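Me: I am new to this structure and would be grateful for a close look at its salt bridges. Please then place them in the setting of the rest of the model.

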Amino acid sequence: MLSLIDIESSYGYVKVLKGITIEIKEGDIVAILGANGAGKTTILRTISGLLKPDRGKIEFMGERIDGKPPELIVSKGIVQSPEGREIFPGLSVLENLKIGAYTRKDKNNISKDLDRIYHYFPRLRERQNQIAGTLSGGEQQMLAIARALMAKPKLLMLDEPSLGLAPRVVKEIFEIIKEINQEGVTVLLVEQNARQALAIANYAYILQTGLVVMEGKAEDLKNNEEVKVTYLGGKSPGSNVN
Amino acid sequence: MNAKKYISWIVLILIATLIPPILNLPGSLQYLLDLSLIYAIVAIGLNLLMGYAGQISLGHGAFLAVGAYTSAYLTLTLHVPFFIALILSGLITGIVGILLGLPALKLEGNYLAIATLGFGVAVTQIFAIWTSFTGGFSGIKPLKPELFGFKFNSYLSYYYIILILTIVLVILTWNIIRTKVGRSLMAMRDSEIAAKAMGINVSYYKTLAFGLSAFYTGIAGSLYAHLLGFMTPYDYAFSIGMSLNFLAMIVIGGIGTISGSIIGAIIMTWLPQITSNLPIKSLSQIITGAIIIAVVIFYPNGIAYAGARLKDKFEKLFAKHQEKIVVKIEK
């Protein structure tokens with residue numbers, strides 16, 4: 001569905017992505033894992049057109065999209081929920097969701113989709129007239145995902161949906177992500193929380209300073225010793241404590 | 001808009017319509033009333049740009065000049081009827097606004113403020129030199145408007161033209177902010193990144209915001225020219241000082257509110273007048289300044305929110321009082 005081929009991106013003179021190749025199949029949940037500064041968010045920004053790659057090719061459903069403006073990429077069906085729940089704090093919950101549907105042409109189906117989204121996130125329905133800035137952290141994250149869904153994405157890109165949330169809320173949100181995926185939306189998930197991400201993903205890439213250092217089925221990575229030690233907080237094979 | 005708000009606006013319009021003839025104000029005060037509504041139109045335009053779209057402009061005095069001179073030129077030299085000149089002034093100033101909006105695509109915050117400030121200074125200088133268009137220092141005399149043979153000679157009759165236009169523009173603003181365009185402007189204000197990520201063309205809306213804001217100011221400029229009857233490029237309303245005054249209007253009245261723009265414009269126009277009538281004349285400006293500072297301290301969101309805050313306080317007070325009564329009864 002989406003493939004990045006040898007993508008290089010930079011901020012000013014600093015090269016962040018040094019040749020990334022990633023393949024996302026339709027219907028999958030693909031996770032990109034890695035530490036701070038590995039380039040995870042940069043990948044999403046490059047895909048969504050907020051950042052132009054220096055080199056490489058991005059193809060979405062057989063069409064080149066690298067270097068295209070963000071609004072065009074959104075209208076093709078790639079929608080990002082940005083990091084740090086960049087909601088619109090001055091607008092109401094409902095207005096935030098309406099902004100999500102900004103690029104859609106099928107205005108008549110919007111209210112139907114609103115219902116579907118409220119089904120995923122019943123709390124947002126209760127608060128639809130509340131100013132979004134007054135929501136709790138978890139609710140804001142839900143709103144950010146819901147807003148992205150309003151654009152009716154074929155590929156939903158989530159940037160650190162677990163950031164700064166209580167473990168229980170994280171679990172709830174990941175369950176919803178899975179549910180959304182099961183109803184046919186392909187998901188690209190960028191996470192530091194490798195345990196949660198691998199629990200729902202089909203396939204994962206591990207990123208280190210701008211390069212893919214490992215990739216594979218989520219099942220395999222979960223059981224990989226190196227991954228366990230570095231990303232899942234497991235014991236290192238050398239340690240004999242307990 | 002809910003029914004309550006609807007009714008309060010209608011009551012306001014009725015008051016604005018009926019009060020002037022009932023009070024039968026002397027010319028100078030009626031003039032001031034006309035002026036405060038013209039400034040209210042500018043303030044609404046500026047608020048659209050700053051309060052809703054999150055951009056900044058310190059050059060609205062210059063937009064007012066562009067509108068005023070366009071209208072004067074059209075009516076005096078080209079003999080275009082007033083009402084057509086009025087619309088054209090709005091449109092032409094709007095185009096100038098779009099042009100000024102282009103650097104805004106690259107600039108933000110303080111830098112944008114400086115760029116618009118530069119625009120404000122440049123326009124006044126250009127108009128001062130461009131005597132064939134502006135008449136230079138000796139000035140020009142825009143005519144009183146005429147419609148179907150009726151000449152709007154008095155400040156009172158002219159007041160109703162301004163009032164109707166203000167109402168039309170308030171309704172227009174209301175419709176802009178409630179619909180897709182308004183939501184997109186506010187989204188851009190709240191988070192440019194997220195707005196882009198949602199597929200909003202931020203460049204388009206920034207330029208649009210400048211164009212719209214300048215359109216309002218151009219309309220106000222045309223009204224101003226024909227209210228004045230005589231103007232030069234050195235008029236205070238076209239200066240940087242006035243641009244800062246416009247900014248003060250929306251900050252005092254309430255950023256991001258229509259009612260706040262009107263309240264702010266009225267206060268900033270009338271306050272200096274009222275304080276200058278105090279017995280201690282030399283203190284007029286100091287008192288005006290002190291009142292503005294006090295308003296900003298006590299109502300940092302603007303006076304438009306003062307009503308809501310008062311109500312809140314009363315309710316809290318009342319609730320406390322009730323609690324006490326309940327406690328007493330229980331005892």
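Reply: In this predicted model, the side chains of A:Arg125 and A:Asp115 meet in a salt bridge, with N and O 3.8 Å apart. A:Arg125 belongs to helix α5 (residues 122-126) of chain A and A:Asp115 to helix α4 (residues 110-120) of chain A, so the pair ties together parts that are 10 residues apart in sequence. With a relative accessible area of 40%, A:Arg125 is partly exposed. A:Asp115, at 43%, is partly exposed as well. Both values fall in the range from 20% to 50%, which means that neither residue counts as buried or as exposed. Side chains of opposite charge can pair when their charged atoms come close.

A second pair in chain A joins A:Glu59 and A:Lys57, whose side chains form a salt bridge at 3.5 Å from N to O. A:Glu59 has a relative accessibility of 25% and counts as partly exposed. A:Lys57 is likewise partly exposed, with a relative accessible area of 30%.

A third pair consists of A:Lys15 and A:Glu8, and the closest N and O atoms of this salt bridge are 2.9 Å apart. Here the two partners differ in their surroundings: A:Lys15 is partly exposed at 37%, whereas A:Glu8 counts as buried at 12% relative accessibility. The figure for A:Glu8 is under the 20% limit, and therefore this residue is placed in the buried class. The pair also has a wider context, for A:Asp6, A:Glu8, A:Lys15, A:Asp54 and A:Arg55 are linked in a network of salt bridges.

Over all chains, the count of salt bridges comes to 17. How many of them cross the interface of chain A and chain B? The rule finds zero salt bridges there. What it does find across this interface is five residue pairs in polar contact. The elements of chain A that each supply at least two residues to the side touching chain B are α2 (70-76), β6 (78-81), α3 (93-100) and α6 (137-150). Of the residues on that side, α3(A) gives the largest share, namely four. By type, the side of chain A that touches chain B divides into 12 nonpolar, four polar and seven charged residues. Charged residues are thus part of this side of chain A, although no salt bridge is found across the interface.

The extent of the interface can also be stated. In total, 23 residues of chain A are in contact with 18 residues of chain B. The area buried between the two chains is about 1,800 Å², and carbon and sulfur atoms give 68% of that area. A:Phe88, A:Ile99 and A:Tyr102 supply 33% of the area that chain A buries against chain B, more than any other three residues.

One of these three, A:Phe88, leads to a residue of chain B. Leaving aside neighbours within four places in sequence, B:Ser191 is in contact with A:Glu86, A:Ile87 and A:Phe88. B:Ser191 sits in the loop between α8 (180-190) and α9 (192-197) of chain B, and its relative accessible area of 4% makes it buried. Its side chain reaches the backbone nitrogen of B:Ala194 at 3.1 Å.

A:Ile87, which B:Ser191 touches, is also a contact of A:Gln140. A:Gln140 lies in helix α6 of chain A and is buried, with a relative accessible area of 16%. Apart from its neighbours within four places in sequence, its contacts are A:Arg85, A:Ile87, A:Ala132, A:Gly133 and A:Leu135.

Chain B offers a further buried site at B:Pro145, which has a relative accessibility of 2%. This residue is found in the loop between α6 (131-134) and β1 (146-147) of chain B. Beyond its neighbours within four places in sequence, B:Pro145 contacts B:Phe82, B:Phe150, B:Lys151, B:Phe152, B:Tyr158, B:Ile161 and B:His226. Its C-alpha atom is 8.1 Å from that of B:Pro81, a residue 64 places away along the chain.

As for the overall layout of chain B, the domain assignment gives domain 1 (29-298) and domain 2 (307-331). The C-alpha centres of these two domains of chain B lie 44 Å apart.

Conventions: Residues numbered from 1 in each chain as written. Chains lettered and ligands numbered in written order. Predicted model: local features only at pLDDT ≥ 70, side-chain atom pairs only at ≥ 80, totals over all residues. Heavy atoms only, no water. Domains from an automatic or database assignment. Contact = heavy atoms within 4.5 Å. Buried area = accessible area lost by both parts, 1.4 Å probe. Salt bridge = Lys/Arg side-chain N within 4 Å of Asp/Glu carboxyl O. Polar contact = N/O pair within 3.5 Å; in protein donor to acceptor, adjacent residues only side chain to side chain. Nonpolar A, V, L, I, M, F, W, Y, C, P; charged D, E, K, R; others polar. Buried < 20%, exposed > 50% of the residue type's maximum accessible area, 1.4 Å probe, protein only.
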